[in-house]
Amino acid sequence: QVQLVESGGGLVQAGGSLRLSCAASGRSFRSYAMGWFRQAPGKEREFVAAISWNGGITYYADSVRGRFTISRDNAKNTVYLQMNILKPEDTAVYYCAADGTTAQAISIKSPAGHGMDYWGKGTLVTVSS
C-alpha cells in the first residue's frame, strides 16, 4: 500500500517556476515507477512525465519536454516535478501516481494514467498571463 500526497502548487506568472513534490508513505515506494499527470478544467487527464524506480529513465510529454524535469529521492520517499518557463496552458490540477510497471509503460497508457496502482489527490497549479 502506498499513499501519495502532492504539494507545491500555487499561482505563478507566466515564465515563472514551481517545484511540485509528491511524498509517499509505505515501505515499497522504491519498487514503483512514478508518473505526473495533469487535468485542466473541461479537459481530459494527460500524461506529463514518468520516472523509473531508480530514477535512471525518464519520459516527458512533448508539451513539457525541455521545461519540466522529473526526479526522485528514494531515501526521502519523494518524487519531484520541477516546472520552468511556465505557460498559462500549464494551468491544471497535477497528480502524482505510482505504478508497478515501467516508466515507459506509464508514458503510453491510454487513456492517460489508466490502471495506475496509486494516486494522490492532486495540487492546483495556476499560471497567469
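A salt bridge here is a side-chain nitrogen of Lys or Arg within 4 Å of a carboxyl oxygen of Asp or Glu. Keep that cut-off at hand for the opening stops, and remember throughout that you are looking at a predicted model.

**Stop 1: arginine 38 and its partners**

Select arginine 38 and glutamate 46 and show their side chains. The two meet in a salt bridge, with 2.6 Å from N to O. Now colour by accessibility: is arginine 38 buried or exposed? Its relative accessibility is 4%, so arginine 38 counts as buried. Glutamate 46 has a relative accessible area of 32%, which makes this residue partly exposed.

Keep arginine 38 on screen and add aspartate 90. These side chains also form a salt bridge, at 2.9 Å from N to O. Follow the backbone from one to the other and you will see that the pair links distant parts of the chain. Aspartate 90 sits in the loop between strand 8 (78-83) and strand 9 (92-99), arginine 38 belongs to strand 4 (residues 33-39), and 52 residues separate them. Both aspartate 90 and arginine 38 are buried.

To complete the view, add Arg67: together with Arg38, Glu46 and Asp90 it belongs to a network of salt bridges.

**Stop 2: aspartate 99 and lysine 109**

Next, pick aspartate 99 and lysine 109. Their side chains meet in a salt bridge with an N to O distance of 3.8 Å. Aspartate 99 is in strand 9, while lysine 109 lies in the loop between helix 1 (103-108) and strand 10 (118-119), 10 residues away. Aspartate 99 has 2% relative accessibility and therefore counts as buried, whereas lysine 109, at 21%, is partly exposed. Across the model, the count comes to 5 salt bridges.

**Stop 3: the aromatic pairs**

Clear the selection and show the rings. How many aromatic pairs are there? The count is 4. Begin with tyrosine 32 and tyrosine 118, an edge-to-face pair with 5.7 Å centre to centre and 80 degrees between the planes. Tyrosine 32 lies in the loop between strand 3 (18-25) and strand 4, and tyrosine 118 in strand 10, so this pair ties together parts that are 86 residues apart in sequence. Tyrosine 32 is buried at 13% relative accessibility, and tyrosine 118 is buried at 18%.

Move on to tyrosine 95 and tryptophan 119. Their ring centres are 6.3 Å apart and their planes stand at 85 degrees, so this pair is edge-to-face. Tyrosine 95 is in strand 9 and tryptophan 119 in strand 10, 24 residues apart. With 30% relative accessibility, tryptophan 119 is partly exposed. Add Phe37 and Phe47 to the selection, and you have a cluster of Phe37, Phe47, Tyr95 and Trp119 linked by ring pairs.

Before leaving the rings, select phenylalanine 29 and arginine 72. Arginine 72 lies over the face of this ring, 4.5 Å from the ring centre.

**Stop 4: an open sheet**

Switch to a cartoon view and pick out strands 1, 3, 8 and 7. These 4 strands form an open sheet in the order 1-3-8-7, with antiparallel pairing. Strand 1 (3-7) and strand 7 (68-73) are the edges: each has a single partner strand, so one side of each is left without a neighbour in the sheet. On average, neighbouring strands of this sheet are turned by 15 degrees against each other, direction ignored.

At one edge, strand 1 and strand 3 run antiparallel and are joined by 5 bridges. Click on glutamine 3 to find its bridge partner in strand 3, serine 25.

At the other edge, strand 7 and strand 8 are antiparallel and joined by 6 bridges. Phenylalanine 68 stands opposite methionine 83 in strand 8. The two strands form a hairpin with 4 residues between them, and asparagine 77 in the turn has a positive phi of about 55 degrees.

Now show the side chains of strand 7. In a regular strand, side chains alternate between the two faces of the sheet. Here Phe68, Ile70 and Arg72 point to one face and are buried, while Thr69, Ser71 and Asp73 point to the other and are not.

**Stop 5: the disulfide**

Finally, select the cysteines. Which of them form a disulfide? Cysteine 22 and cysteine 96 do, with their sulfur atoms 1.9 Å apart. The whole structure holds 1 disulfide. The torsion about the S-S bond is about 50 degrees, so the disulfide is right-handed. Cysteine 22 in strand 3 and cysteine 96 in strand 9 are 74 residues apart, and both are buried.

Conventions: Residues are numbered from 1 along each chain as its sequence is written. This is a predicted model: local features need pLDDT of at least 70, side-chain atom pairs count only at pLDDT 80 or more; totals for chains, interfaces and linings use all residues. Side-chain values use heavy atoms; hydrogens and water are left out. Buried means under 20% relative accessible area, exposed over 50%, partly exposed in between (1.4 Å probe, protein chains only). Rings of Phe, Tyr and Trp (its six-membered ring) pair if their centres lie within 6.5 Å; planes under 30 degrees apart count as stacked, over 60 as edge-to-face and the rest as tilted. A charge sits over a ring if NZ of Lys or CZ of Arg is within 6 Å of the ring centre and within 35 degrees of the ring normal. Two strands pair if DSSP finds at least two bridges between them. Axes are lines fitted to C-alpha atoms, for helices over the stretch in contact, and angles run from 0 to 180 degrees between N-to-C directions. A disulfide is a pair of cysteine sulfur atoms within 2.5 Å.
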